[in-house]
Amino acid sequence: MGTAANNLPPAYRSADAVRAALAEVRAVYAELDRRPVMRACVRLTECCQFKRTGRTPSVTRGEALLAIRALKATGRKEVPPPTDGNCPMLEARTGKCLIYADRPFGCRTYFCEAAGGSYERRDVLDLIRRLEEIDQRLGHRDGPRPFTAALAVEQGGRGQVGSGR
Ligand code: SF4
């Protein structure tokens, strides 16, 4: 079985092409931030405790690749093993998200009642479609996957897609 990078379509095997795709993922996050929907994440990190809540956000391939790249920008080489059923990006020592600025769409629109509850799907459907379109170009057509599983799969392609910003 090849790595995730080997599974990229030829047009996306260059670092520049992947970088452009991940910039589009970031543009989707930025557009979400501009939406006039009142949300106030105060970093309680409750939604980062997957086992406790019984819920794990799903991510696209582009989002998983961006998360891995953001993690590497912190100087870490590998996605940390999840502890206590929490998100692997939740640092056990500090209790903070390691990639907060690049956290996935699901972390921004999720169910946290303290932050204002879930977004209505109709309010963000166009952005979901944009993330899916990016994935199509990245050669992934199977839809979003649970975050922890997606990180494990996509980390296999880190040599080509996980370095640089
Ligand atoms: S990526 Fe960050 S905000 Fe999202 S669940 Fe993981 S630790 Fe929490």
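# A walk through the predicted model

Let's begin at a single residue: Val153 is partly exposed, with 15 other C-beta atoms within 10 Å. Select Val153 and you will find yourself in helix H6. Now add Ala64 to the selection: Val153 and Ala64 lie 89 residues apart in sequence, while their C-alpha atoms are 9.1 Å apart in space. Keep in mind throughout that this is a predicted model.

**Stop 1: the whole chain**

Zoom out and colour by secondary structure. You should see seven helices and two strands. Reading from the N terminus, the order of elements is α-α-β-α-α-α-β-α-α. Of the 165 residues in the chain, 36% are buried. If you like contact maps, look at the contacts with a separation of 6 or more: 84% of them join residues 24 or more positions apart.

**Stop 2: the largest nonpolar core**

Next, select Val25, Ala64, Ala67, Ile68, Leu71, Met89 and Leu151. These have the most contacts inside the largest nonpolar core, a set of 32 residues. Which helices each supply at least two residues of this core? Show H1 (15–34), H3 (61–72), H4 (105–109), H5 (121–137) and H6 (147–154), and you have them on screen. H3 gives the most to this core, with seven residues.

While you are on H3, click on Leu71. Leaving out residues up to four places away in sequence, Leu71 touches Arg76, Val79, Met89, Leu98 and Ile99.

**Stop 3: three helix pairs**

Two packed helices are described by the angle between their axes and the distance between the axes. With that in mind, show H1, H3 and H5 and take them two at a time.

*H1 with H5.* How do these two run relative to each other, parallel or antiparallel? Their axes come within 10 Å and cross at roughly 175°. An angle over 145 degrees counts as roughly antiparallel, so H1 is roughly antiparallel to H5. To see the contact, select Ala21, Glu24, Val25, Val28, Glu31 and Leu32 on the H1 side, then Val124, Leu127, Arg130, Leu131, Ile134 and Arg137 on the H5 side. Colour this contact by residue class and you get eight nonpolar, four charged and no polar residues.

*H1 with H3.* Here the axes come within 9 Å, and the crossing angle is roughly 100°. That makes H1 roughly perpendicular to H3. From H1, pick Val18, Ala21, Leu22, Val25 and Arg26; they meet Gly62, Glu63, Leu65, Leu66 and Arg69 in H3. By class, the residues of this contact are six nonpolar, one polar and three charged.

*H3 with H5.* For the last pair, the axes are 7 Å apart and the packing angle is about 80°. H3 is therefore roughly perpendicular to H5. Select Arg61, Gly62 and Glu63 of H3 together with Leu131, Ile134 and Asp135 of H5 to display the contact. The class split for H3 with H5 is two nonpolar, one polar and three charged residues.

**Stop 4: around the ligand**

Now centre the view on the ligand. Which residues surround the ligand? Select Thr45, Cys47, Cys48, Cys87, Met89, Leu90, Cys97, Ile99, Arg103, Pro104 and Cys107. By class, this shell holds nine nonpolar residues, one polar and one charged. You have seen Met89 before, among the core residues with the most contacts, and Ile99 is one of the residues that Leu71 touches.

From this shell, single out Cys97, which sits in the loop between H3 and H4. Cys97 has 19 other C-beta atoms within 10 Å, and so counts as partly exposed; 20 or more would be needed for a residue to be buried. Beyond four places in sequence, Cys97 is in contact with Cys48, Met89, Leu90 and Arg103. Draw a distance between the C-alpha atoms of Cys97 and Cys48: the two are 49 residues apart in sequence and 8.3 Å apart in space.

**Stop 5: back to H6**

To finish, return to helix H6 and select Thr148. Is Thr148 buried or exposed? Thr148 counts as buried because it has 20 C-beta neighbours inside 10 Å. Add Thr56, Pro82 and Pro88 to the view, as Thr148 touches these three, not counting residues up to four places away in sequence. One more distance closes the tour: C-alpha to C-alpha, Thr148 and Met89 are 9.2 Å apart in space, with their positions 59 residues apart in sequence.

Technical notes. Residues are numbered from 1 along each chain as its sequence is written. This is a predicted model: local features need pLDDT of at least 70, side-chain atom pairs count only at pLDDT 80 or more; totals for chains, interfaces and linings use all residues. A nonpolar core is a set of buried Ala, Val, Leu, Ile, Met, Phe, Trp, Tyr and Cys residues joined through C-beta atoms within 7 Å. A residue is buried if 20 or more other C-beta atoms lie within 10 Å of its own, exposed if 12 or fewer, and partly exposed in between; C-beta atoms are placed from the backbone. Helices (H or I, at least four residues) and strands (E, at least two) are DSSP runs, numbered from the N terminus. Two residues are in contact if their C-beta atoms, placed from the backbone, lie within 7 Å. Axes are lines fitted to C-alpha atoms, for helices over the stretch in contact, and angles run from 0 to 180 degrees between N-to-C directions. Angles under 35 degrees count as roughly parallel, over 145 as roughly antiparallel, 65 to 115 as roughly perpendicular and the rest as oblique. Ala, Val, Leu, Ile, Met, Phe, Trp, Tyr, Cys and Pro count as nonpolar, Asp, Glu, Lys and Arg as charged, and the others, Gly among them, as polar. A residue is near a molecule or strand if its C-beta atom, placed from the backbone, lies within 6 Å of it.
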